[in-house]
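Visitor: I am new to this structure and would like to take a close look at a single part of it. Please take me through that part slowly, and then show me how it sits among its surroundings.

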Amino acid sequence: MSIVLYIAISTWLEGQVNNNLLLTANQIASVLYDPEDIQNPIDVADLRLQLAGNNIATQSFLSDQLFFVRLIDVSSGDILAASADYKVPVTFSQIIDTHFETVGVPEDNDLDEIRLYTLRLSYIPQIALQVGVSLEETHEIQGDVMRILILLLLVTGTLAPLSGWFLANRALVPIRATARTVAEIHETDLTQRLDLASSEIELEQLVQTFNAMLDRIEQAFKRQRQFTADAAHELRTPLSIMQIGLDVTLSHSRSVSEYRMALMSIQEEVQRLSHLANTLLMFARTDSHELSLEVKEVDLSVMLNMVVEQFGSVADEKHITVTREVAPSLRLEGDEDQLIQIVFNLIDNAVKYTPEGGRVRVVAQIVKQMVEITIEDTGPGISLEEQTRIFDRFYRMDTTRNRNQGGFGLGLAIAKRIVDLHRGTIHIISTVGQGTQFVVTLPIQQRYL
Ligand code: ATP
Ligand code: MG
């Protein structure tokens, strides 16, 4: 900016000097020669006469202090008149035409510069009018401007980094404070939050986002901890049953049939344990996205009929009527074993939680280009509050929680996970005391519609 400013000021000053010279030269010319009288141009002799006379106007421009004025005989190079002796030798190139030039003049030990304007008028071909002015003052102004700009440059050059450093430091204070708090947050205590009130406006959004992230992490950690605790708890029960069974059986010698009974009860618990282990493994795999679906064409109608039939004897025992309305040839792309799990878990629940003499209805049809599977029962129903938690792992409603019905509380969590993997939805329609309806929708590929 300083350079641009300096060039602009210098150019403007030079323009001013040129303008003044031009103006003065034209004024003098109009005093000396009459531009109207082109028929009668004055020559050197006329001019000498004029200068000899005591014309006041001529006197005044010849005694000008500011400008150096001289009249030159073009043919001989003689100076006819001059306001002062400026030590500028007359050269041919100077007087040949109208133009501006800058000439150096030795002044004391210095070299002074003079801006010269030579005016040649066509109607006075014999005489050249020269007006000059010393550039000393212009140079002084230019020097002043230069000094001021250098000073400004030095001042801003030192102030800018200093104030930049100061401002950056001040802006970093809240960030440092935030960083300190963040550094203190530890996985063992995820309840800490960044202070929104004391943070700057600019940081507010960051702090909010960070706190929201902490909320999510805390929730995830809580769920994870709960899951581990629940899993451990579920593992302990069959293990202690086996432990007690073994201790009792081994306390003294038994008959073959007694050993057989003991082993059979252990077998049951081992089955339970291995089912739990498989389920936990499945969750671990889907959580880390390791489980990939074995997708192939599945005939849902055939599959549903097969699963419903499996529950025949259990339902008969409880005098539960299972009806099905399955549209024929419902086909889609999916993992058959996993899809069986969804339906199995839902029908299992319906039969398990519906009291004797109740009804279970399985409906499958195409609704809005999706397969919709509904499993409806006349059981105890699920309250709205429970509906939000029922898909959580290991969640069991207190009303149904007893070891006779003996689930882990994982059936619905698995079903939901598989539905998600198939990009479907699962939801509950239920009123306490009036039965439950689970509705699963699964996307169906265009070619099966
Ligand atoms: P698991 O399925 O692992 O053997 P579970 O049946 O207890 O055990 P979920 O299938 O996840 O676990 O069901 C969770 C809880 O939801 C059940 O314990 C039960 O309280 C309630 N529930 C599920 N389905 C029904 C239903 N059809 N009617 C009433 N309550 C139900
Ligand atoms: Mg279940």
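In which sense, left-handed or right-handed, does α7 pass α12 in a crossing?

Guide: In this predicted model, the crossing in which α7 passes α12 is left-handed. Helix α7 covers residues 256-287, while helix α12 covers residues 411-421, and the two pack at an angle of about 35° with their axes 11 Å apart. On the α7 side, the residues that meet α12 are Thr279, Met282, Phe283, Thr286 and Asp287, and on the α12 side their partners are Ala413, Ile414, Arg417, Ile418 and Leu421. The residues of this contact divide into 6 nonpolar, 2 polar and 2 charged.

Also within α7 is histidine 275, which counts as partly exposed because its relative accessibility is 46%, and so falls between the limits of 20% and 50%. Its C-alpha atom is separated by 9.8 Å from that of phenylalanine 408, although these two residues are 133 residues apart along the chain.

To place the helix in the wider chain, it helps to know that the protein is divided into domain 1 (2-141), domain 2 (201-287) and domain 3 (296-443). Taken over C-alpha atoms, the centres of domain 1 and domain 2 are separated by 109 Å.

Beyond the helix pair, the structure holds 12 salt bridges, and a few of them can be followed in detail. Glutamate 297 forms one with arginine 331, where the closest N and O atoms are 3.1 Å apart. Because glutamate 297 lies in strand β6 (residues 296-299) and arginine 331 in strand β8 (residues 331-334), this pair ties together parts that are 34 residues apart in sequence. Glutamate 297 is partly exposed at 43% relative accessibility, and arginine 331 is likewise partly exposed, with a relative accessible area of 32%.

Another salt bridge joins the side chains of arginine 324 and glutamate 309, at 3.0 Å from N to O. This pair links distant parts of the chain, with arginine 324 in strand β7 (residues 321-326) and glutamate 309 in helix α8 (residues 300-310), 15 residues apart. Arginine 324 counts as partly exposed at 36% relative accessibility, whereas glutamate 309 is exposed, with a relative accessible area of 54%.

Within helix α5 (residues 136-184), aspartate 144 and arginine 147 lie 3 residues apart, about one turn of the helix, and they form a salt bridge whose closest N and O atoms are 2.8 Å apart. Finally, Arg193, Asp215 and Glu218 are linked in a network of salt bridges.

Notes: Residues are numbered from 1 along each chain as its sequence is written. Chains are lettered from A and ligands numbered from 1 in the order in which they are written. This is a predicted model: local features need pLDDT of at least 70, side-chain atom pairs count only at pLDDT 80 or more; totals for chains, interfaces and linings use all residues. Side-chain values use heavy atoms; hydrogens and water are left out. Helices (H or I, at least four residues) and strands (E, at least two) are DSSP runs, numbered from the N terminus. Buried means under 20% relative accessible area, exposed over 50%, partly exposed in between (1.4 Å probe, protein chains only). Axes are lines fitted to C-alpha atoms, for helices over the stretch in contact, and angles run from 0 to 180 degrees between N-to-C directions. A crossing is left-handed if the near helix is turned anticlockwise from the far one by less than a right angle, and right-handed if clockwise. Contact means heavy atoms within 4.5 Å. Ala, Val, Leu, Ile, Met, Phe, Trp, Tyr, Cys and Pro count as nonpolar, Asp, Glu, Lys and Arg as charged, and the others, Gly among them, as polar. Domain bounds come from an automatic or database domain assignment. A salt bridge is a side-chain nitrogen of Lys or Arg within 4 Å of a carboxyl oxygen of Asp or Glu.
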